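Trainee: Could you take me closely through one pair of facing residues in a sheet, and then show me how that part sits within the whole model? I would like each term explained as it comes up.

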Amino acid sequence: FLIVNCDGMDRQFVVALDKHTGKVAWWTWRSGPLSPEPDQQKAYATPLVIRVGEAEQLVSPGADWLTAYDPLTGGEIWKVHYKAFSTVPRPLFAHGLVYFVTGFTKPELWAVRPDGRGNVTESHVVWKSPKQVPANPSPIVVGSEIYFVSDQGVCTCLDALTGEEVWRQRVPGKYSASPILAGGLLYFSNEEGTTSVIRPGREFELVATNAIEGQLLASLVAVDGVIFLRSDTHLYRIENRPPTTTARGE
């Protein structure tokens, strides 16, 4: 299936399409009550399929609710309530926990156990972090830590199991792109085209800072030792090529 969140100002649902024919396989309306303000019923996040025990779940953020569905049928499994809309960052799954950002206007990062049924807001939320959480860039889990950068450029490392702060450091610029992990390093790219390279760990370590010309809103992509960057004017390919050998006497 191709599964799509459809969270607009007038209707909110999740739909699965047969990827070969485009026909609707299932269609599920969002079940939780929303704000009466149409503008606060929107969301933009990408759903995530995870495996819990022997079954798969589709974790789907929307306005005011994070909901887990059966990806084969669209049946609702569990949901968590918060007060936020225009959710952008994608959810993550690690250490048996689902991590997600609630959304505008004051984003929070939550960790929830995905083994419940029904409304699990009061029973399965493990921790919450309200400080310097991004509205746009997605967090990333590396090892036992979770990293994120706020839209205003505050980079944070939390213990992924407890939510306790490990370190917090300002990095230059404003951010829309999500960080990536490549070659054992974290890459945080700001809107002005500068990428801060940080080594994952319990201490903040800035490895390098690199800049390109132009505005950078899209997340970096790493493939087979190559990093691709897309600015508002160019597509860049960056890789570490071995030096060219020069023949003796030339």
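Mentor: Let us begin with T67, which stands opposite K79 in β7. The strand on the other side of this pair is β6, residues 65-69, and 5 bridges join β6 to β7, residues 76-81, the two running antiparallel. A strand here is a DSSP run of E with at least two residues, while a helix is a run of H or I with at least four residues, and both are numbered from the N terminus. Two strands are said to pair if DSSP finds at least two bridges between them.

Before going further, please keep in mind that this is a predicted model, in which local features need pLDDT of at least 70 and side-chain atom pairs count only at pLDDT 80 or more, whereas totals for chains, interfaces and linings use all residues. Residues are numbered from 1 along each chain as its sequence is written, and side-chain values use heavy atoms, with hydrogens and water left out.

Both β6 and β7 belong to an open sheet of 5 strands, whose order is β4-β5-β6-β7-β11 and whose pairing is mixed. At the edges of this sheet lie β4 (48-52) and β11 (118-119), each of which pairs on one side only.

Another sheet offers a useful parallel to our pair. Its 4 strands follow the order β13-β14-β15-β16 in an open sheet with antiparallel pairing, and its edge strands, β13 (140-142) and β16 (165-170), each pair on one side only. From one strand to the next the twist averages 20°, where the axes are lines fitted to C-alpha atoms (for helices over the stretch in contact) and angles run from 0 to 180 degrees between N-to-C directions. Within this sheet, strand β14 (residues 145-149) is joined by 5 bridges to strand β15 (residues 154-159), and these two run antiparallel; here Y147 stands opposite C157 in β15.

Stepping back to the whole protein, its secondary structure comes to 0 helices and 23 strands. The protein is as compact as a globular protein of its length, because its radius of gyration is 20 Å, close to the 18 Å that the globule rule gives for 250 residues; this radius is taken over C-alpha atoms, and the rule is 2.2 Å times the number of residues to the power 0.38. Along its principal axes, the C-alpha trace spans about 75 × 45 × 40 Å. Of the 250 residues, 48% count as buried, a word that means under 20% relative accessible area, with exposed meaning over 50% and partly exposed in between (1.4 Å probe, protein chains only).
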